[in-house]
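Q: Could you take me through one part of this model in close detail? I would like to start with a small sheet and then see what surrounds it.

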Protein chains: 2
Amino acid sequence: MRETVPRVVIVGGGFGGLAAARALKNTPANLILVDRTNHHLFQPLLYQVATSVLSPGQIGSPIRGIVGKQRNTTVILGEVTGVDKDRQCVSVNSADRTDVPIPYDFLILATGVTHSYFGRDEFEKFAPGLKSLADAVAIRNKILQAFEQAEAEEDPTRHRDLLTFVLVGAGPTGVEMAGAIAVLIRNTLKAEFRRITPGSARIVLLDMAPRVLGPFSEELSLAAKERLESLGVEVRLGHGVDQIDADGVVVAGERILSKTVIWTAGVAPSPAGKWLNVGTDRPGRVRIQPDLSVPGHPEIFVVGDTASLDQDGKPLPGVAQVAMQQGRYAGKLIGRRVTGKSAPGPFRYFDKGNMAVVGKGFAVLQIGKVHLSGFIAWLAWAAVHLQFLAQASLRVSVFVQWVWTYLTGQRGSRLIVNHYGAEQSKPVIEAAPVGMTPSSK
Amino acid sequence: MRETVPRVVIVGGGFGGLAAARALKNTPANLILVDRTNHHLFQPLLYQVATSVLSPGQIGSPIRGIVGKQRNTTVILGEVTGVDKDRQCVSVNSADRTDVPIPYDFLILATGVTHSYFGRDEFEKFAPGLKSLADAVAIRNKILQAFEQAEAEEDPTRHRDLLTFVLVGAGPTGVEMAGAIAVLIRNTLKAEFRRITPGSARIVLLDMAPRVLGPFSEELSLAAKERLESLGVEVRLGHGVDQIDADGVVVAGERILSKTVIWTAGVAPSPAGKWLNVGTDRPGRVRIQPDLSVPGHPEIFVVGDTASLDQDGKPLPGVAQVAMQQGRYAGKLIGRRVTGKSAPGPFRYFDKGNMAVVGKGFAVLQIGKVHLSGFIAWLAWAAVHLQFLAQASLRVSVFVQWVWTYLTGQRGSRLIVNHYGAEQSKPVIEAAPVGMTPSSK
């Protein structure tokens, strides 16, 4: 039975996919949105889950809650494994079945990026990355457990590597994480331990680039670096990491002993280019045309971090704004085509600017010619991020949490939860040289 | 080096252990509080995490955040494995070391209960219980995934067992879970699916007892049962479960096909009785004296669910109020002994009453001769539970969430998060006869 309206399959419920689905809200089409999680993740605040400020539910909104009331939209929890361009089908693993074909008339791939260890995948075991809620909860466990393990260890000479936190990569995620860990230590944990002084913990931020926050101006990079250093973060630039293992990292020939190394460096695009078997740029992002379609396939669109498009001779950056604007454009274009209207002009990205938080009450902000750092930039950052949260209820709850954390230092979700069944509700203990001896004989 | 003040070891950061620690706040003693998680869990609201209303951070408060500012208290994340009464030491697994002795002058065991499958441990795999935050998140995943799997399945004949939820045990947890699932289905999910009608889901509440909510009066049991039935819950009493397996349950010879069975029945005490090698009651709870100490050991106290004490010829119930009052009593008694004051009179439980929620805006309440059901009881329930949350910030955030959920039906934390590393961020798929076929050819 042929459907009477065209079918649009959108893969990915991130910023790009959701924007596309919303743009098609009133189009006479059958939308299928496929995602491998049940939630839209507000990635810009993921570091706040990893550092206990926010709970997962405050930045993860059920995709059904956002577009499920759109009557033309079906949401499917499943993982896409391939695309058959000739038969116009995507293959989906869903429930217990694998490679089930879902046919499409139009396809929008908005499948984002994952971590990249630049060919050193063996680092992953020791330096987890931060892309999903599960990642954030795992890193939160790791950070909080390091303090717990040190406190359980009465011999202070054994505290050093437990209380050293290394962040590999000084882009926005690394800078924001480093600042948030510094504030966690100084404001939240300071009075709660007896055998360790959380404030003495060492936070090291590494990058092979010569400055932090590469996408920002040199002046803002410097402001961010100085702010980090005033929070006690050691910023080491100009050297890549030679080694990451159970004992820590090696950088510029020096070993830094650490039990908590976090990967905040590279990303790699999703396999969309492989699925489509079309031209990609060097990192593997699909080269798209000015209308965001794939060359030779006007029915296939690729948007967001997994797409490669130049504007004014420069590639568009992998940020939420690009994904949202591209998703909206692709949705509108399909809507116009379905209803027989003329195609819009080529896609053009409107840069609304770039921001990053450093610690508490301080951000850097770059909008066109406006460069700003400090408290006002932080207020702007907070306002913009609240505005872009998907649900009104989350805006309220995140706002309240931020005010509370700002005033009291208390965090919203400082939990170690080990999700390996009730039997093993004991913390997962790592091979750290720590222990506990009675202090009285 | 002998400590100059006595050392009090408290095992367990639940209601009993925390009350004891707080009661010892101003006592010249060295307190060590050991728990195997980093958080105090507000168990009465655990079912709300399992049904997506609240997030884990709203009912789990870091123990350090509660007692860590008490200068005489050290908090240790570790798991107790035994007690040596002669040497006055508890054995603790902490960080990477096992069976590390922690000496005590006074010991308070407040180690609570775990699930009991009444000798049918093979049920656990198919019918998880609800005791920890990890359990609640696992059950939340299971419930939400059942709807996702059914929606991914276009053949409606395959929806039946996915949309059948069975709760084994009609005590407070079972009744509250059943009501919360019913409201989830009817208020939150109703408009968001295309292929299934969440409202058609079947919720079955089983118990071998002749009525629900055993500890309440018959009249309130009946009110709760009628309320559940008005929400569409099938209440089946008077028969135990014969079998639980991957296909569902067998009760009174009838098989109920279900992919989501939840164990809300029995509990078993912690191994405190085995550690101490002292007399226990039949379920294994330590028989304690009227001053809560263990016979022959005036320096060891057992409080809460893992202790057995009769009052007026009846055993005290395993509820939070008993644990809190006993913990406070044990703490005070030790404080008086340490400061050379006379011992207080024997422990006496003051029953502040019992409540349970059924669905939305309805509770049953029994305080002495006052028996109440309906909206007013629900308001009382909400007020009392808010009051007993450990932190002021949680009172605010839980209150706001409840009001929001009450008004909009939206829940605070409707997430499927699989905590098995980023690689497997794909949902854990169970062997359910579901799948997806293209609806257009």
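A: Happy to help; here is a walk from the sheet of strands 14, 15 and 16 in chain A out to the domains, the core and one residue of chain B. Please keep in mind that this is a predicted model.

Let's begin with the sheet. In chain A, 3 strands make up an open sheet, and their order is 14-15-16 with antiparallel pairing. Strand 14, covering 241-245, and strand 16, covering 254-257, stand at the edges of chain A's sheet; each has a single partner strand, so one side of each has no neighbour in the sheet. On average, neighbouring strands here are turned by 15° against each other, direction ignored. Strand 15 of chain A (residues 248-251) is joined to strand 16 of chain A by 4 bridges, and the two run antiparallel. One detail to look up on your screen: A:Val251 has A:Glu254, in strand 16 of chain A, as its bridge partner.

Next, the domains. The assignment for chain A lists domain 1 as 7-115 + 267-338 and domain 2 as 121-265. Between the C-alpha centres of domain 1 and domain 2 of chain A there are 32 Å. Their contact involves 14 residues of domain 1 of chain A and 19 residues of domain 2 of chain A. On the domain 1 side, the elements of chain A giving two or more residues are helix 2 (46-50) and strand 10 (113-115). Helix 2 of chain A supplies the largest share of that side, with 5 residues.

Now to the interior. The largest nonpolar core holds 276 residues, and those with the most contacts inside it are A:Ile108, A:Val364, B:Ile108 and B:Val364. Beyond four places in sequence, the contacts of B:Ile108 include B:Val8, B:Ile10, B:Phe301 and B:Val303.

Chain B also offers a residue to zoom in on. B:Thr73 belongs to strand 5 of chain B, residues 73-77. B:Thr73 counts as buried because 24 other C-beta atoms lie within 10 Å, where 20 or more are required. Setting aside residues up to four places away in sequence, B:Thr73 touches B:Ala21, B:Leu31, B:Leu33 and B:Val67. By contrast, B:Val358 is 285 residues from B:Thr73 in sequence and 39 Å from it in space, C-alpha to C-alpha.

Finally, a word on confidence. Chain A has a mean pLDDT of 90, with 94% of its residues at 70 or more. Over residues 420-441 of chain A, however, pLDDT stays under 50, and the model has 63 contacts beyond four places in sequence for that stretch. For the complex, the predictor gives an ipTM of 0.85 and a pTM of 0.89.

Notes. Residues are numbered from 1 along each chain as its sequence is written. Chains are lettered from A and ligands numbered from 1 in the order in which they are written. This is a predicted model: local features need pLDDT of at least 70, side-chain atom pairs count only at pLDDT 80 or more; totals for chains, interfaces and linings use all residues. Two strands pair if DSSP finds at least two bridges between them. Axes are lines fitted to C-alpha atoms, for helices over the stretch in contact, and angles run from 0 to 180 degrees between N-to-C directions. A nonpolar core is a set of buried Ala, Val, Leu, Ile, Met, Phe, Trp, Tyr and Cys residues joined through C-beta atoms within 7 Å. A residue is buried if 20 or more other C-beta atoms lie within 10 Å of its own, exposed if 12 or fewer, and partly exposed in between; C-beta atoms are placed from the backbone. Two residues are in contact if their C-beta atoms, placed from the backbone, lie within 7 Å. pLDDT is the predictor's confidence in each residue, from 0 to 100. Domain bounds come from an automatic or database domain assignment.
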